[in-house]
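Colleague: I would like to learn how to read a model like this one, going from the whole chain down to single strands. Could you take me through it step by step?

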Amino acid sequence: MASTNDLKNGLVLNIDGQLWTVVNFQHVKPGKGGAFVRTTLKNVLSGKVVDKTFNAGVKVDTANVDRREMTYLYNDGTDYVFMEPDTYDQVNISGDVVGDAANYMLENSAVVVARHDGNPLYVELPASVELEISHTDPGLQGDRSTGGTKPATLETGAEVQVPLFLNTGDKVKVDPRDGRYLSRVSSK
């Protein structure tokens, strides 16, 4: 148990048997009446986002979430196999839990797996991943009908919009949370 005064971003709450992550919070002290805490919560399993207001000082139930860095090994068709680097234990996680993160994971890449009571909740990737473009059409000079971007297929199979000057074989940095192109990775 924790107080609403202890809330911070990333904290996982157990509300009515469901797990919610605190995305944003704000302590409000109006001129009249009692203080309260306005929060934005995201359901850990469904991804649904809601706004919820708590009275200041109220006790909230926190969930014990074990976030552990693991190495993604391979996809066996239905499940994704991860390994704990310390113990070399392998964990199978279903595609439903991995979700869109699968579009940006390469074999042997480090990810964070969050578990609650031994059950995997979600897979978290770094803020940016570097992937190679496996296919994109050449960008033509003067082609600005799409705002200077074109579709490109990455080595993982994900499709992102990239600037016209990029070609097949270039490495790019992508934000895995929304699939947005960030920059080109210079080859050394």
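What follows is a conversation that moves from the overall form to the details of strand pairing.

Modeller: Please keep in mind throughout that this is a predicted model.

Colleague: Then let us begin with the whole chain: how many helices and strands are there in the chain?

Modeller: The chain holds one helix and 16 strands. To judge how spread out such a chain is, one compares its radius of gyration with a rule for globules; here the radius is 21 Å, well over the 16 Å that the rule gives for 188 residues, so the chain is more spread out than a compact globule. The C-alpha trace spans about 65 × 45 × 30 Å along its principal axes, and buried residues account for 37% of the 188 residues.

Colleague: Into which domains is the chain divided?

Modeller: The assignment gives domain 1 (2–60), domain 2 (65–124) and domain 3 (129–184), and the centres of domain 1 and domain 3, taken over C-alpha atoms, are separated by 38 Å.

Colleague: What does the UniProt annotation cover, and with which name?

Modeller: The unreviewed UniProt entry carries the annotation "domain: Translation elongation factor P/YeiP central" for residues 67–121. Over residues 67–121 the chain is 7% helix and 53% strand, with the end C-alpha atoms 10 Å apart.

Colleague: How should I read a strand pair there, and in which sense do β8 and β9 pair?

Modeller: One looks at the direction, then at the bridges, and then at the turn. Strand β8 (residues 79–83) pairs with β9 in the antiparallel sense over five bridges, and Y80 has I93 in β9 as its bridge partner. The hairpin of these strands has six residues between them, among which Y88 takes a positive phi near 65°.

Colleague: Which residues of β9 lie on its covered face, and which on the uncovered one?

Modeller: In β9 (residues 90–94), V91 and I93 form the covered face, whereas Q90, N92 and S94 form the uncovered one. I93 is thus a residue to look at twice, being on the covered face and also the bridge partner of Y80.

Colleague: Where else can I practise, for instance with β4: which strands does β4 pair with?

Modeller: Strand β3 (residues 18–28) runs antiparallel to β4 (residues 36–43) and is joined to it by eight bridges, with F36 in β4 as the bridge partner of V28. β4 also pairs with β5 (residues 49–55), again in the antiparallel sense, over seven bridges, and V37 stands opposite F54 in β5. In the hairpin of β4 and β5, with five residues between the strands, G47 takes a positive phi near 85°.

Methods: Residues numbered from 1 in each chain as written. Predicted model: local features only at pLDDT ≥ 70, side-chain atom pairs only at ≥ 80, totals over all residues. Heavy atoms only, no water. UniProt positions renumbered as here; feature names shortened; annotations may be inferred. Helix = DSSP H or I, 4+ residues; strand = E, 2+ residues; numbered from the N terminus. Buried < 20%, exposed > 50% of the residue type's maximum accessible area, 1.4 Å probe, protein only. Pairing = 2+ DSSP bridges. Rg over C-alpha atoms; globule rule 2.2 N^0.38 Å. Domains from an automatic or database assignment.
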